[in-house]
Amino acid sequence: MYAALLWYLFQVVAAYAAADAAGGLFHLATDRGWNFARIVRNFLNHHERPWTMTFDLQPMLIGIPFAMLGWWLDSTFLLYLGIFTALSQVPHYYTHHEPPALLKPLIAWLQRWRIFLPPEKHDAHHNGVYDT
């Protein structure tokens, strides 16, 4: 029983790490102009005016098929990879915006434990170099 639970938790954590790494690589590539022109323009606008950050539907459109495939194949890893990819804009959004009162304690806890990136750590990324 414990082995099955540990395997399940390992897959969830691995899916989170994979989604986070893929998002970071996407961000890094786009910061360097290695993406579609429209996406690069959106990133540049965001870097010049971070407070204008809004949710982008692209991660959700990429994540949903992975989640559906994970559900159909009964794959914990793929299911959670899809969920974490689809929701990948949430941690970034809350580095730039105040969470609603109901979510504020949860977001603060996630940022304190570095599950979500804290705003003070993310601010270094907006220094004009975009290399962190």
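Good morning. I begin with one helix, α5, whose buried residues are Q89, P91, H92, Y94, T95 and H96. The model under discussion is a predicted one, and I shall return to its confidence at the end.

Helix α5 spans residues 89-96, and it is mostly covered, with 6 of its 8 residues buried. What do these buried residues pack against? Their partners are α1 (2-31), α2 (37-48), α3 (58-73), α6 (104-112) and α7.

Let me take one of these residues in detail. Q89 is found in helix α5. Its relative accessible area is 16%, and because buried means under 20%, Q89 is counted as buried. Leaving aside residues up to four places away in sequence, Q89 touches M53, T54, F55, D56 and P59.

D56, one of the residues that Q89 touches, deserves a comment of its own. It belongs to the loop between α2 and α3. Is D56 buried, partly exposed or exposed? At 28% relative accessibility, D56 counts as partly exposed, because the partly exposed class lies between the 20% and 50% limits. D56 can also be related to I39: the two are 17 residues apart in sequence, and their C-alpha atoms are 10.0 Å apart in space.

I turn next to H92, another buried residue of α5, by way of a residue that touches it. H27 lies in helix α1. With a relative accessible area of 18%, H27 is buried. Which residues does H27 touch, not counting residues up to four places away in sequence? They are F43, H47, H92 and H125.

That list leads to the packing of α1 with α2. Two packed helices are described by the angle between their axes and the distance between the axes. For α1 and α2, the angle is about 90 degrees and the axes are 9 Å apart. The two helices are therefore roughly perpendicular to each other, because angles of 65 to 115 degrees fall in that class. On the side of α1, the contact is made by F26, H27, T30 and D31; on the side of α2, it is made by I39, V40, F43 and H47. By character, the residues of this contact divide into 4 nonpolar, 3 polar and 1 charged. H27 thus appears in the contact between α1 and α2 and also touches H92, which is a buried residue of α5.

Still on α2, I would mention R41, which is found in that helix. R41 is exposed, with a relative accessible area of 52%. The C-alpha atoms of R41 and T30 are separated by 9.3 Å, and the two residues are 11 residues apart along the chain. T30, as noted, is one of the α1 residues in the contact with α2.

Two backbone details follow. D74 has a positive phi of about 55 degrees although it is not a glycine. Where does D74 lie? It is found in the loop between α3 and α4, and at 71% relative accessibility it counts as exposed. R114, also not a glycine, has a positive phi of about 65 degrees. R114 lies in the loop between α6 and α7.

Now the chain as a whole. How many helices and strands does the protein chain have? Its secondary structure comes to 7 helices and 0 strands, and along the sequence the pattern reads α-α-α-α-α-α-α. Taken along the principal axes, the C-alpha atoms fill a box of roughly 50 × 35 × 25 Å. Of the 132 residues, 33% count as buried. Among contacts between residues at least 6 apart in sequence, 54% join residues at least 24 apart. The accessible surface comes to about 9,000 Å², and carbon and sulfur atoms account for 71% of that surface.

Finally, confidence. The protein chain averages a pLDDT of 89, and 96% of the residues score at least 70. Which elements have the lowest and the highest mean pLDDT? The lowest belongs to helix α7 (residues 119-123), at 82, and the highest to helix α4 (residues 76-86), at 97. I would recall here that α7 is among the elements against which the buried residues of α5 pack.

To close where I began: α5 is a mostly covered helix, and its buried residues pack against α1, α2, α3, α6 and α7. Thank you.

How values were computed. Residues are numbered from 1 along each chain as its sequence is written. This is a predicted model: local features need pLDDT of at least 70, side-chain atom pairs count only at pLDDT 80 or more; totals for chains, interfaces and linings use all residues. Side-chain values use heavy atoms; hydrogens and water are left out. pLDDT is the predictor's confidence in each residue, from 0 to 100. Helices (H or I, at least four residues) and strands (E, at least two) are DSSP runs, numbered from the N terminus. Buried means under 20% relative accessible area, exposed over 50%, partly exposed in between (1.4 Å probe, protein chains only). Contact means heavy atoms within 4.5 Å. Axes are lines fitted to C-alpha atoms, for helices over the stretch in contact, and angles run from 0 to 180 degrees between N-to-C directions. Angles under 35 degrees count as roughly parallel, over 145 as roughly antiparallel, 65 to 115 as roughly perpendicular and the rest as oblique. Ala, Val, Leu, Ile, Met, Phe, Trp, Tyr, Cys and Pro count as nonpolar, Asp, Glu, Lys and Arg as charged, and the others, Gly among them, as polar. Accessible areas come from the Shrake-Rupley method with a 1.4 Å probe; for residues, only the protein chains shown count as cover.
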